[in-house]
Amino acid sequence: LDHRTEAPMWRHLLSSQSHRFIHPARTTPLRCTHLPPHRPGRVAATWHAASPFAACTSTLHLPDSAAWSAALSRRCLHQSSFAGSSSDSTSSAATSAVDFRPHFDLKELVRCAEQKRINCAQRQVDADIDALVALSQRRSSCIQNLHEIQHERRNVARALKTATERERAILTVKGRRLKEKAAVLENEQRDIAAEIDQQMSQVPNDTHPGVPLTEPTVLSLVNEQPPPIDDPESRDHLAIAEALDLVDFRMASQIAGEKFYYLKNEAALLELALIQWSIHLIRARGWTPVFGPDVVRQSVAAGCGFQPRVGDLESQVYCLDGRDKCLVGTAEIPLAALYANTIIPAEDLPIRMVGFGHCFRAEAGGRGHHNRGLYRVHQFSKVEMFAYSTPDQSDELLEEMLAIQIHIVKELGLHARVLDMPANDLGAPAYRKYDIEAWYPHCQDYGEITSVSNCTDFQSRRLNVRYRMSRNNNRFVHSLNGTGVAVPRLLVAILENNLQEDGSVIIPEVLRPWIGGQERIRPRTPGVSSP
């Protein structure tokens with residue numbers, strides 16, 4: 001199949017029917033929900049050879065139809081949305097970027113314009129709903145005018161068939177003018193569509209009717225609150241960590257800048273223990289481990305609701321100079337993009353994934369207890385839960401994810417409270433969000449350690465992730481994300497809550513098997529320094 005001839009139809013053929021591939025080592029069909037990437041300049045045989053279904057060119061099964069057979073004889077493999085792996089080292093350079101065309105529901109916004117205005121006000125988001133309504137009217141008028149001109153052009157074309165020589169000259173001039181008018185309207189229509197996309201990207205998700213407006217609601221407490229202490233300053237995690245030789249901020253700031261750090265000795269082992277323990281715990285509940293890249297295209301971050309292109313002082317995203325890429329602020333981003341431009345069979349939902357990543361955030365923070373030391377930093381490790389579901393599964397799945405978070409906090413022995421977050425603290429993507437805040441003795445206050453959100457179809461409309469109810473009935477999935485463990489903040493909570501009178505820190509019992517059974521972090525022996 002020649003990749004240069006009528007390639008765009010291939011994606012349509014493969015996305016609109018159910019296909020199965022037979023692997024040479026198996027006797028049962030395997031459903032193919034992702035397609036390997038098209039490599040420009042190569043024929044379909046090369047694609048098959050580089051795919052997981054190697055040497056299966058002749059085992060592509062389609063409905064037994066003469067029309068399909070004729071179509072496949074003319075069509076070739078077109079660039080798909082899935083960036084699969086390849087055995088050759090040049091595949092990454094040849095793979096094109098995924099094209100994300102958002103699928104905003106402008107009709108719904110116009111129909112419920114007043115509710116959208118109220119929602120934006122409650123969430124304190126500056127989105128111009130009136131401008132979008134006006135743009136919708138302009139687009140409708142432009143489309144109507146374009147249809148009328150195209151109708152006139154068709155009439156002119158029909159009249160030319162029977163026109164005299166004199167009439168032909170007049171009709172030719174008329175046709176040329178109509179063509180020019182059509183081109184102007186087509187350009188205007190494209191400009192309007194681009195402006196609609198830009199404006200719609202600023203509109204936040206709808207809000208769950210049970211969400212409080214301005215202040216969080218305390219839903220429950222986890223573990224008992226520890227008794228008051230006489231000297232809160234003695235519980236400063238930074239002082240504790242430096243005394244136990246667990247961190248080095250001074251050298252890190254010289255090497256990388258402020259808000260970066262080294263973890264040393266038991267702190268490094270505790271990070272690994274928290275990651276391993278939490279991933280195994282979450283995996284045991286049916287979640288699939290998936291580790292993605294820490295660098296993504298800016299369009300991917302934008303599709304998840306992050307804003308890489310806003311002003312430097314507003315953005316929390318580290319963008320790579322001279323490249324359309326950025327460092328991820330959470331593993332949620334690559335996990336969400338794993339199914340971009342994909343139609344998922346309804347029976348495969350929900351899809352539960354647990355990922356791990358290094359998170360990079362450019363937020364500067366300020367002064368105060370919750371901005372010192374490890375609590376707010378530019379880089380940290382985090383285990384993340386991410387799920388795709390049908391709309392009727394997402395509310396139950398949100399509660400499932402919250403229950404996992406509560407279990408993690410309970411097992412670590414930390415006192416915490418569970419909050420239903422208010423509308424003005426949801427951000428753009430979340431429909432509903434629960435936070436868990438741990439108790440920090442040093443500041444005698446609670447601080448966030450986990451968050452879980454139901455984003456409904458906010459992200460899937462931007463990343464084009466749908467599920468198939470039946471033939472020709474595809475709908476957008478719901479996406480959910482939640483923290484498994486955010487390592488630095490848990491280290492802060494463990495150090496401050498588990499400090500003993502002799503200066504040692506008790507290691508939570510569930511983490512001890514992951515660090516050789518060690519029960520305490522003890523002060524270093526004088527004269528013995530760690531690397």
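Which residues in helix 6 meet Ile129, Asp130 and Val133 in helix 7? They are Ala113, Lys116, Arg117 and Cys120, and this contact is a good place to begin a tour of the structure. Please keep in mind that the model is predicted. The protein chain has an average pLDDT of 82, with 77% of its residues scoring at least 70. Residues 1-94 have a pLDDT below 50, and in the model this stretch makes 130 contacts beyond near neighbours in sequence.

**Helix 6 and helix 7**

- Helix 6 covers residues 113-122, and its axis lies 10 Å from that of helix 7, with a packing angle of about 150°.
- Helix 6 is therefore roughly antiparallel to helix 7, given that angles over 145 degrees count as such.
- The residues of this contact comprise 4 nonpolar and 3 charged ones, with no polar residue among them.
- The loop between helix 6 and helix 7 holds Gln124.
- Although Gln124 is not a glycine, its phi is positive, at about 55°.

**Helix 7 and helix 8**

- Helix 7 spans residues 129-160 and helix 8 spans residues 165-200.
- Their axes come within 9 Å of each other and cross at roughly 160°.
- With that angle, helix 7 is roughly antiparallel to helix 8.
- The crossing of helix 7 with helix 8 is left-handed.
- On the chemical side, the contact of helix 7 with helix 8 involves 17 nonpolar, 6 polar and 11 charged residues.

**The sheet of 8 strands**

- An open sheet is built from 8 strands in the order 3-12-13-14-17-11-10-6, and its pairing is mixed.
- Strand 3 (217-222) and strand 6 (288-289) are at the edges; each has a single partner strand, so one side of each has no neighbour in the sheet.
- Strand 3 pairs with strand 12, which covers residues 416-420, in the antiparallel sense over 5 bridges.
- Within strand 12, Arg417 is the residue that stands opposite Leu221.

**A helix across the strands**

- Helix 14, made of residues 391-411, lies across several strands, among them strand 3, strand 12 and strand 17 (478-486).
- Also crossed by helix 14 are strand 10 (351-360), strand 11 (379-389), strand 13 (432-440) and strand 14 (445-454).
- Relative to strand 17, helix 14 runs at about 5°.

**The sheet of 3 strands**

- Another open sheet has 3 strands in the order 9-15-16, again with mixed pairing.
- Its edge strands are strand 9 (342-345) and strand 16 (473-476), each of which pairs on one side only.
- With direction ignored, neighbouring strands in this sheet are turned by 40° against each other on average.
- Strand 9 pairs with strand 15, residues 465-470, in the parallel sense over 4 bridges.
- Pro345 has Arg468 in strand 15 as its bridge partner.

**A cis peptide bond**

- Where does Pro350 lie? Pro350 sits in the loop between strand 9 and strand 10.
- The peptide bond that joins Leu349 and Pro350 is cis, with omega at about 5°.

Definitions and conventions. Residues are numbered from 1 along each chain as its sequence is written. This is a predicted model: local features need pLDDT of at least 70, side-chain atom pairs count only at pLDDT 80 or more; totals for chains, interfaces and linings use all residues. Side-chain values use heavy atoms; hydrogens and water are left out. pLDDT is the predictor's confidence in each residue, from 0 to 100. Contact means heavy atoms within 4.5 Å. Axes are lines fitted to C-alpha atoms, for helices over the stretch in contact, and angles run from 0 to 180 degrees between N-to-C directions. Helices (H or I, at least four residues) and strands (E, at least two) are DSSP runs, numbered from the N terminus. Angles under 35 degrees count as roughly parallel, over 145 as roughly antiparallel, 65 to 115 as roughly perpendicular and the rest as oblique. A crossing is left-handed if the near helix is turned anticlockwise from the far one by less than a right angle, and right-handed if clockwise. Ala, Val, Leu, Ile, Met, Phe, Trp, Tyr, Cys and Pro count as nonpolar, Asp, Glu, Lys and Arg as charged, and the others, Gly among them, as polar. Two strands pair if DSSP finds at least two bridges between them.
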